[in-house]
Amino acid sequence: MVTSTTTHQAFVDLFHQMFDGHGPVYQYPMYEEGKGYRWKVATRLDNSFRFLLTPRMKGLEWASDSRLLIHWLAGFTDSDGSIQISRASNGVRTKLNLYNTDLELLVRLKGEMGRLGFFPNGPYVTMPKGTSTPYGRYTKDLWNLPLQRTWEAQKLLRDLPVRHRERKELKEIVASISKGAKWADIAPVVREARRKVEKEVEDFAKVAENEYRARHPEASSSPKREG
């Protein structure tokens, strides 16, 4: 069984794209204390999908050539990455962050990215063990492996076949930024992309709340949705 929870419509869409052709995908609303209303997606797969049980480190070892490594990195970016576009003193800065609680995996990934000609910094602890967030408390340190130089992030992202819709939209913005671009020209596009994601998450969580309460009338006395 493959299962996950989310408040992002884009993630649910990607889950359906990945698995609809291989069996029924179940999607239903749920409530988690401290996290609020969200969606759960799940599917049962046959044994031809046992490779999904492979530890990530082993999968990275299998990505021995550049093409496979690029695809592995795209999947990692879809699941555990973030693309940042921000103001810089000389214009616009782009940055790719790669997060994980497995420090050994990120150290290995840093070396593999070097084979491709990319040199991220770190890894650095970004959320120490015990840190509380709206999504729960970290039981391990969360590490970040950032590709911080704008030209490197742009070069990698242009070739990275990400599939998560939110990542794809940010990737397109990054690809459109020309050398010498001014933040004033890019800022409205970036703000609109962020606003779109925030509104979609808010709406998707609200639909989850409404459906959950319709299925569980006793939930009418539950705490109000957070955030």
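## Starting at Ile 186

Ile 186 sits in helix H7. This is a predicted model, and Ile 186 makes a handy way into it. Is Ile 186 buried or exposed? Its relative accessible area is 10%, and the cut-off for buried is under 20%, so Ile 186 counts as buried.

Which residues does Ile 186 touch, once its neighbours within four places in sequence are set aside? They are Ile 85, Val 92, Ile 177 and Ala 181. Take Val 92: it is 94 residues away from Ile 186 in sequence, yet their C-alpha atoms are 7.8 Å apart in space.

## Two nonpolar cores

Ile 186 also belongs to the largest nonpolar core, which has 35 residues. Ile 186 is among the residues with the most contacts inside that core, along with Ile 85, Leu 98, Leu 109, Met 113, Leu 156 and Leu 160. Helix H3, covering residues 66-80, gives the most to this core, with six residues. A second core, separate from that one, is made of 12 residues, including Tyr 31, Tyr 37, Phe 204 and Ala 208.

Back in the largest core, look at Leu 109. Leaving out residues up to four places away in sequence, Leu 109 touches Leu 60, Trp 72, Leu 73, Phe 76, Leu 98 and Leu 145.

## Around helix H1

Now go to the start of the chain. Helix H1 runs over residues 9-19, and its buried residues are Ala 10, Val 12, Leu 14, Phe 15, His 16 and Phe 19. What covers them? The cover includes three strands, E1 (2-6), E2 (25-32) and E3 (36-43), plus two helices, H6 (165-176) and H7 (183-215).

Thr 7 lies in the loop between E1 and H1. Loop or not, Thr 7 counts as buried, because its relative accessibility is 12%. Beyond residues up to four places away in sequence, Thr 7 touches Tyr 37, Arg 38, Val 201 and Phe 204. Two of these contacts, Tyr 37 and Phe 204, are also members of the second core.

## A cis bond and a lysine

Most peptide bonds are trans. The bond from Gly 122 to Pro 123, though, is cis, with omega near 5°. You'll find Pro 123 in the loop between helix H4 (103-115) and strand E6 (124-127).

Lys 58 is found in helix H2, residues 56-62. Why does Lys 58 count as partly exposed? Its relative accessibility is 36%, and partly exposed covers what falls between under 20% and over 50%. Lys 58 and Asp 46 are 12 residues apart along the chain, with their C-alpha atoms separated by 21 Å.

## Stepping back

Seen as a whole, the protein has seven helices and nine strands. Its radius of gyration is 19 Å, close to the 17 Å that the globule rule gives for 227 residues, so the protein is as compact as a globular protein of that length. The C-alpha trace spans about 55 × 45 × 35 Å along its principal axes.

How much of the protein is buried? Buried residues make up 38% of the 227. Of the contacts between residues at least 6 apart in sequence, 60% join residues at least 24 apart. On the outside, the accessible surface comes to about 13000 Å², and 52% of it belongs to carbon and sulfur atoms. As for charge, there are 37 positive and 28 negative side chains, and the centres of the two sets lie 4 Å apart.

Notes. Residues are numbered from 1 along each chain as its sequence is written. This is a predicted model: local features need pLDDT of at least 70, side-chain atom pairs count only at pLDDT 80 or more; totals for chains, interfaces and linings use all residues. Side-chain values use heavy atoms; hydrogens and water are left out. A nonpolar core is a set of buried Ala, Val, Leu, Ile, Met, Phe, Trp, Tyr and Cys residues joined through side-chain atoms within 4.5 Å. Buried means under 20% relative accessible area, exposed over 50%, partly exposed in between (1.4 Å probe, protein chains only). Helices (H or I, at least four residues) and strands (E, at least two) are DSSP runs, numbered from the N terminus. Contact means heavy atoms within 4.5 Å. The radius of gyration is taken over C-alpha atoms; the globule rule is 2.2 Å times the number of residues to the power 0.38. Accessible areas come from the Shrake-Rupley method with a 1.4 Å probe; for residues, only the protein chains shown count as cover. Lys and Arg count as positive and Asp and Glu as negative; His and the chain ends are not counted. The place of a charge is taken as NZ of Lys, CZ of Arg, CG of Asp or CD of Glu.
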